[in-house]
Number of protein chains: 2
Amino acid sequence: MYEQLKLENQLCFRFYTISRLITQAYRPLLSRLGVTYPQYLVLLVLWEKDGQPVNDIAKHLCLETNTVTPLLKRMEQEGLVTRHQGERDSRQVIVCLTEKGLKLEESARDIPAEMGANYACSAITRDNVGDLFQTLDSLTETLKPEKQ
Amino acid sequence: MYEQLKLENQLCFRFYTISRLITQAYRPLLSRLGVTYPQYLVLLVLWEKDGQPVNDIAKHLCLETNTVTPLLKRMEQEGLVTRHQGERDSRQVIVCLTEKGLKLEESARDIPAEMGANYACSAITRDNVGDLFQTLDSLTETLKPEKQ
DNA sequence: TCTATTTATATCGTTCACGATACAAATGTA
DNA sequence: TACATTTGTATCGTGAACGATATAAATAGA
């Protein structure tokens, strides 16, 4: 048994697990909005700037369009967004929030604070969360595939 | 637009993204073994201790058996593991490595080091990776659902 | 012993992720 | 203008994740 192959020595497994546990922690909060976690991320993107093409949304979330397209279709069926052809470039599909999608922002306002309570543990505090953000962001940049 | 709902202020999104990017970075390395990332995690568990029931494997990975069962079936089809009924408790399914599964450990030996090169960025070094482990582990513990 | 409860695993349905591929619109080039 | 290439999105297939539910074996309690 190689030491470096032990689960406890894997950085990857920690991120894998935390990511899933966070999504699980979000589930009860997001059920109030009637959305999944990836759908919530799309809403965050659109609340920040409404009326974006599929590709821009995908880029913000570091996802491919073949993941985002069906996601957006489900959100369209739920009446959260509309999708219409771009005017300047008719290949584009512009995604806009519906009245319902817009209004959900109000309901989502307290979710970050409620999730913050879940993060409340010895190692992550208001003081050092900035450092953690920095570490994670540099890791993200390093891992991002080359965008030529 | 509420400040706390911006994507850049989300801890969750950082973990979500990093987890996916890490899995993507593993893909070319794991293709040499012919396994997916979750399957690789199962191998890590079994290389550490062969012949575990499904439930133990699931617990190590913080997964449910309804995720692990089909995963193991696919690995069985690939000839990496065998699944046989437990002797003490016939409800249990004991998972063992095959000769092929055992031998893969040798091929996997250098994967952690190769992945380490991907992590090589300003913010994560040999000096501070221990601190990061500690932070991530405390977060994991906090997020783990109560196991009564 | 008989029945109720718990435990270990499996099945089903839905939603993601993502590689591979398709296709039409836009752009570049001869 | 004609044709090749690029770009934006969609489709298809596979493998996770996971909630809900099912089922049989084991255990507990009356």
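**Exercise 1. Helix α2(B)**

Task: Check the end-to-end distance of α2(B) against the expected span of a helix with its number of residues.

Solution. The model is predicted. Start with the count: α2(B) has twelve residues. The expected span takes 1.5 Å times one less than the number of residues. For α2(B) that gives 16 Å. Now compare. The end C-alpha atoms of α2(B) are 17 Å apart, which agrees with the expected value.

Task: Decide whether α2(B) is largely enclosed or not, and list its buried residues.

Solution. The cut-off for buried is under 20% relative accessible area. By that cut-off, ten of the twelve residues of α2(B) are buried. They are B:Y37, B:Q39, B:Y40, B:L41, B:V42, B:L43, B:L44, B:V45, B:L46 and B:W47. α2(B) is therefore largely enclosed by the rest of the structure.

**Exercise 2. The fold of chain A**

Task: Describe chain A by its elements, its box and its burial.

Solution. Count the elements first. Chain A holds seven helices and three strands. Then read them in order from the N terminus: α-α-β-α-α-β-β-α-α-α. Next, the extent. Along the principal axes, the C-alpha atoms of chain A fill a box of roughly 55 × 40 × 30 Å. Chain A has 148 residues, and 47% of them count as buried. Last, the contacts. Take those in chain A between residues at least 6 apart in sequence: 47% of them join residues at least 24 apart.

**Exercise 3. A buried loop residue**

Task: Place A:L33 and find out whether it is buried or exposed.

Solution. A:L33 sits in the loop between α1 (11-31) and α2 (37-48) of chain A. Its relative accessibility is 8%, so A:L33 counts as buried. Now look at its surroundings. Beyond four places in sequence, A:L33 contacts A:Y40, A:L104, A:S107, A:A108 and A:I111. Take A:L104 from that list. A:L33 and A:L104 are 71 residues apart in sequence, but their C-alpha atoms are 6.7 Å apart in space.

**Exercise 4. Two copies**

Task: Work out how chain A and chain B are related.

Solution. Superpose chain A on chain B. This takes a rotation of 180 degrees with 0.0 Å of shift along its axis, and the RMSD is 0.0 Å. The two copies are thus related as by a two-fold rotation axis. The contact residues fit this picture: 100% of those of chain A recur in chain B, and the same surface serves both copies.

Task: Show which residues of chain A are touched by B:T135.

Solution. B:T135 belongs to helix α7 (residues 129-143) of chain B. Its relative accessible area is 17%, so B:T135 is buried. Leave out residues up to four places away in sequence. B:T135 then touches A:A123, A:I124 and A:L132.

**Exercise 5. DNA strand D**

Task: Describe the protein surface near DNA strand D.

Solution. Begin with the residues. DNA strand D is surrounded by 26 of them, the closest being A:Y16, A:T69, A:K73, A:R91 and B:R74. By class, this surface has seven nonpolar, eleven polar and eight charged residues. Then the elements. α1, α3 (54-60) and α4 (65-77) of chain A each supply at least two residues, as do α2 (37-48) and α4 (65-77) of chain B.

Task: Say which parts of DNA strand D lie within 4 Å of the protein, and give polar pairs.

Solution. Of the DNA strand D atoms within 4 Å of the protein, 73% belong to sugar or phosphate; the rest belong to bases. Two pairs involve a phosphate oxygen. A polar side-chain atom of A:R27 is 3.3 Å from one. For A:V93, a backbone N or O atom lies 2.8 Å from a phosphate oxygen. A base is reached too: a side-chain N or O atom of B:R91 is 3.3 Å from a base nitrogen.

**Exercise 6. DNA strand C**

Task: Repeat the analysis for DNA strand C.

Solution. Here 26 residues surround the strand; A:T36, A:R74, B:T69, B:K73 and B:R91 are the closest. The classes are seven nonpolar, eleven polar and eight charged. At least two residues each come from α2 and α4 of chain A and from α1 (11-31), α3 (54-60) and α4 of chain B. Now the phosphate oxygens of DNA strand C. One lies 2.3 Å from a side-chain N or O atom of A:R74. For B:K73, the distance from a side-chain N or O atom is 2.4 Å. B:N55 uses a polar backbone atom, at 2.7 Å.

Technical notes. Residues are numbered from 1 along each chain as its sequence is written. Chains are lettered from A and ligands numbered from 1 in the order in which they are written. This is a predicted model: local features need pLDDT of at least 70, side-chain atom pairs count only at pLDDT 80 or more; totals for chains, interfaces and linings use all residues. Side-chain values use heavy atoms; hydrogens and water are left out. Helices (H or I, at least four residues) and strands (E, at least two) are DSSP runs, numbered from the N terminus. Buried means under 20% relative accessible area, exposed over 50%, partly exposed in between (1.4 Å probe, protein chains only). Contact means heavy atoms within 4.5 Å. A residue is near a molecule or strand if one of its heavy atoms lies within 4 Å of it. A polar contact is a pair of N or O atoms within 3.5 Å; within protein, one must be able to donate a hydrogen and the other to accept it, and residues adjacent in sequence count only if both atoms are side-chain atoms. Ala, Val, Leu, Ile, Met, Phe, Trp, Tyr, Cys and Pro count as nonpolar, Asp, Glu, Lys and Arg as charged, and the others, Gly among them, as polar. Copies are superposed by least squares on the C-alpha atoms of residues with pLDDT of at least 70 in both.
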